Every structure is written in C-alpha cells, then in structure tokens.
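Grab a coffee and open the viewer: here are a few exercises to work through, each with a solution you can check against the picture.

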Amino acid sequence: MKSYDAIIIGTGQAGPPLAGRFNDAGKTVAIIERKHVGGTCVNTGCKPTKTLVASAYAAHLARRAADYGVVLQGEVGIDMPAVMRRAHQVTLDSRHSNEDWLQGMPNCTLIRGHARLESPTTVRVGDELLTAPQIFLNVGARATIPDFPGVHDVPFMTNSDIVVLDRVPKHLVVIGGSYIGLEFAQMYRRFGAEVTVVEKGPRLVSREDEDVSQAVREILEAEGIHVRTGAECIRFAPHADGVAVGIDCTEGEPEVIGSDVLLAVGRTPNTQDLGLDTVGVEMDERGYIKVGDDLSTSVNGIWALGDCNGKGAFTHTAYNDFEIVAANLFDGETRKVSDRLLGYALYIDPPLGRVGMTETQARKSGRKVLVGQRPMTRVGRAVEKGETQGFMKIVADADTKEILGASILGTGGDESIHGVLDMMNAGATYDTLRWAMPIHPTVSELWPTVIQSMKPV
Ligand SMILES: Cc1cc2nc3c(=O)[nH]c(=O)nc-3n(C[C@H](O)[C@H](O)[C@H](O)COP(=O)(O)OP(=O)(O)OC[C@H]3O[C@@H](n4cnc5c(N)ncnc54)[C@H](O)[C@@H]3O)c2cc1C
C-alpha cells in the first residue's frame, strides 16, 4: 500500500490546483484520473464549446457582412472538419498543459485509472491500494440519459459526442432548452443545420425571468431555429430519415423527424461507482454528495468539490470550491460556500450574463423592489457594433439600496455583468455604481443610467 498526505480523485477544475497547494506545501499527493486530464470543462464542456461558438459567430458575421458594407464573394461555406480540428486543438493544448503541470510537480503522482474508496483512508485503483489521511473527491458529472420511451432504440449524442462531430447534421433535434442545449442549437444552426429545440417546460431557460426566456426564444427563432416548448411526452423511434421524436405538444406537429438527436437534459454526478456507500459518505436522492459549508462530507477526512457536491454546476464554482478548501486547510481561514455570490453566463450570441436574484425571485422575497431596464437598441456600443438584440436589467432593494441581481442579454453581456457582480461582492449599494464613471463607449457604461431609471414594481 502506498501512503500519501492526500489523495485527490478526479482532475477537473478543483483537483489539480489543490494538488498544486499540497505540492507547494511539501506534502505528497496522489491525483487519480480515469479518462482525460482536465475533466469536463477542458475536454467536453467549456473549452470546445466556446471555441465552436466562436466559429459559429464568425460564420454568422460573415453572412451579415453586407450589413457592415463588407463585400464577400460567393456563399459563406463551413468546413466542418476544420472547425472541429480547431476546437479539438484548443482542448488538446489545455489537456496537455494540465498534464504537464501535474507531472511537473515533484510531490505529486498522477495515476491513471478508476478510483474507488475501500475505507475512509484507502483508495483502490486497479491492483493498487493507496492510503492518505485526507481524501478529496472531484469526480464531476456526466450527461443525464433520461428514461424517455425508445431512447435506447435510436442513436443519440450527448455533449461528449457532439464536441467531436466533424459533419453538419441535416436536422439536429436538441432535447433540452436550457444552457447546454441552446448553445449547441444556435451553433449548429449557424453551421448550416436545420435545428429544432424540444423543451419539456413551458419556456426556454425556465430559471430566468419570463422576459429573458421570451427574448432568448425570439433571438433563436429569428435565425430559423424551431422551438417546441411544452413537450410533455418526449419519445423516440427509428425512422427512415433518422429519428422520429414524439413531442405531443399542445400546439404544432406531434412528431419531429431529425437526422440526429442531442440529449441535453441535465447532468448526473459520477458518484455511483466510487464506493461511497461502503465508507458511509452520504448522498442526496439525486446522487450528489452531501457537504457542509466547508465542503467536508459526512465522513471525517473526506471532502467533495465541484459538480459532484451539487453546490454549483460551473467551472468557476468548482474552482471556488478549491479556493475555499485550500484557504481553510493551508491559510488558516474559515471560508464558506454560503458566502459566495453566484454569477453565470449562457453562451448563445448575444450572451446572457447573470448575477444574483432574478426579478421574479426579488419580488417573491417580500422586499420593496426597484427594477431598471434598457433595450440594447439604446446602448451606443451595441448600435455601433450592429448587435442590438436583447436588454439589460438590474434589480435592487428600495429600502437598503442593496443590488439584488442583474441580467444582461446582449453583446458583451458575459463581461459586462462583472461590473455589477463586483459591486455586489464588495457589498456596495446601487449609489456606488450609479456614481461610478465608466468608459465610453462600452456596454457597461449604461449600468449607472439603468440604475437611474429604476422604478418600484
Ligand atoms: C457542454 C458543456 C458546456 C459547459 N460550459 C461551461 C461554461 O461555459 N462555463 C462554466 O463555468 N461551466 C461550463 N460547463 C460546466 C463545467 O464544465 C463543469 O461545471 C466543470 O467542468 C465541473 O468541474 P469538476 O471539477 O466538478 O468536474 P469535472 O470537470 O467533470 O472532472 C471530473 C473528473 O473526474 C474524473 N473521474 C470521475 N470519477 C472518477 C473515478 N472514480 N476515478 C477517477 N477519475 C474519476 C472524470 O473522468 C473527470 O475527468 C459546461 C459543461 C458542459 C457539459
């Protein structure tokens, strides 16, 4: 049995930097990976998708060249193998740099294989047994394969398959109208596929305010994407042209025939084959590992970080989990998950940047709420760029002047939201942002104006 000061299972967004802290502190650490170093974000998530989104944006802009007085000769074509090579190279570079980083740490051992807990201090990887007083689980999540009738009778893709697809489907049916599904829907439409989004709920991105959902739908439909919401009875059957997707919507055709199907209906934590039951690490009914505010599990000496603890589903939440655990273990701090403020983005074009409460949540909170809103058609920077879809909105507490949240669906929204996010993190009132002097011309320069326009709701 090999002994270490710490064992980390999974090389996603939290594990490698944590290995770095142990290494730097002169402690021995084993980090175990059963597939690709870098996990979901690097290999099948953020990195390849945002690279593909960039190619799709280039195609879209090229088709709009005349709007800018730019003359292109002939049709805009898509070389899908080249698009895919570009995305794959970005993934490979990132994967390899993570591998080099881990392998370059003198006190760190990178072990390949599936890890399983055998006791609260023992991990098995194949024939090898490792032991450490501290174990960190960073095992992430995978695409959920829902129990829809016929799903196993037809070919389907998940995010892991579609990020390496080197052809444009004739008709891509995306099951799931939320963050992951919509990014693929728009990108493949821009690559030239016919695309239908099938969503069980009554609207797209149902976590957001209704006006945001509606604007997202309009943006996608304007590009020719078919959106089928309220799909209560999703089912699949083989068809001569591919796959028949039964929808049973309250409106429209009851069936869509797609050449290809992408399942994007949520994520399932990789916790079922970790030996958690054996050692008594508690999970919730959906398989997420239960953790306290410091990310410790029900078993002393075992922590869970990243998507597998259900406290976040983003690269930045997984990385922040690392920061919390490292600060508490190495820097004498008492950092807590409940102290963090959640922000995120939906990377359709234009992107949706979000932080804090939605307007709906703020209204339900029982506070006196102020709301300010502005369409992107009245944002100079957006007009100059010729990208005026969407709107920006801020929500505040009328009594305390606390900024409660913001949404920006608009060009540069993923960056501009940080102006509000940083203010909220600093605990500043909306007056502070109101009196800031932003740079012209930017999208962010309108936040003070939107604050000035706030009204009670
Ligand atoms: C299509 C898509 C796009 C996304 N885009 C974004 C985005 O733009 N921004 C954002 O913030 N987030 C995005 N995400 C989410 C983001 O990728 C995840 O939140 C993040 O990767 C979670 O990191 P993690 O460290 O929890 O786990 P992961 O990155 O999933 O890593 C877990 C690792 O553990 C390994 N593992 C699991 N079990 C074992 C075992 N028993 N033994 C050994 N190894 C094991 C796995 O192989 C994996 O490598 C996206 C996700 C998807 C699917």
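The exercises below go from a sheet to the ligand, then to the domains and some backbone oddities. Keep in mind that this is a predicted model.

**Exercise 1. Work out which strands lie at the edges of the four-stranded open sheet.**

Step one: write down the strand order, which is β1-β7-β6-β5, with mixed pairing. Step two: look for strands that pair on one side only; these are β1 (2–3) and β5 (115–119), the edge strands. Step three: zoom in on β6 (residues 122–125) and β7 (residues 128–131), which pair in the antiparallel sense over four bridges. For a landmark here, take V123, whose bridge partner in β7 is L130. As a reminder, strands of a sheet pair through backbone hydrogen bonds, either parallel or antiparallel.

**Exercise 2. Describe what surrounds the ligand.**

Start with the residues that come nearest: out of 39 around the ligand, they are Q13, E33, T40, N138 and D307. Next, check the backbone. A polar backbone atom of Q13 sits 2.7 Å from a ligand oxygen. For C41, a backbone N or O atom is 3.2 Å from an oxygen of the ligand, and a polar backbone atom of A313 also has a ligand oxygen at 3.2 Å. Now the area: on its own the ligand exposes 1,000 Å², and the protein buries 94% of that. Then ask which elements give two or more residues to the shell: β3 (29–33), α2 (39–43), α3 (46–63), α6 (179–191) and α9 (315–330). Finally, sort the shell by type, and you get 15 nonpolar, 18 polar and six charged residues.

**Exercise 3. Place the ligand and the contacts on the domain map.**

First, list the domains: domain 1 (2–143 + 268–339), domain 2 (151–265) and domain 3 (350–456). Second, the ligand shell draws at least three residues from each of domain 1 and domain 2. Third, turn to domain 2 and domain 3, whose C-alpha centres lie 30 Å apart. Their contact takes eight residues from domain 2 and twelve from domain 3.

**Exercise 4. Where are the cis peptide bonds and the positive phi?**

Begin with the usual picture: most residues other than glycine have a negative phi, and most peptide bonds are trans. One cis bond joins D349 and P350, with omega about 0 degrees; P350 is in the loop between β19 (343–346) and β20 (352–356). Another joins H440 and P441, with omega about -5 degrees, and P441 belongs to the loop between α13 (430–434) and α14 (447–452). Last, V205 is not a glycine, yet has a positive phi of about 30 degrees. Look for V205 in the loop between β11 (194–198) and α7 (210–222).

How values were computed. Residues numbered from 1 in each chain as written. Predicted model: local features only at pLDDT ≥ 70, side-chain atom pairs only at ≥ 80, totals over all residues. Heavy atoms only, no water. Pairing = 2+ DSSP bridges. Near = heavy atom within 4 Å. Polar contact = N/O pair within 3.5 Å; in protein donor to acceptor, adjacent residues only side chain to side chain. Areas by Shrake-Rupley, 256 points an atom, 1.4 Å probe, with all protein chains shown as cover. Nonpolar A, V, L, I, M, F, W, Y, C, P; charged D, E, K, R; others polar. Domains from an automatic or database assignment. Contact = heavy atoms within 4.5 Å.
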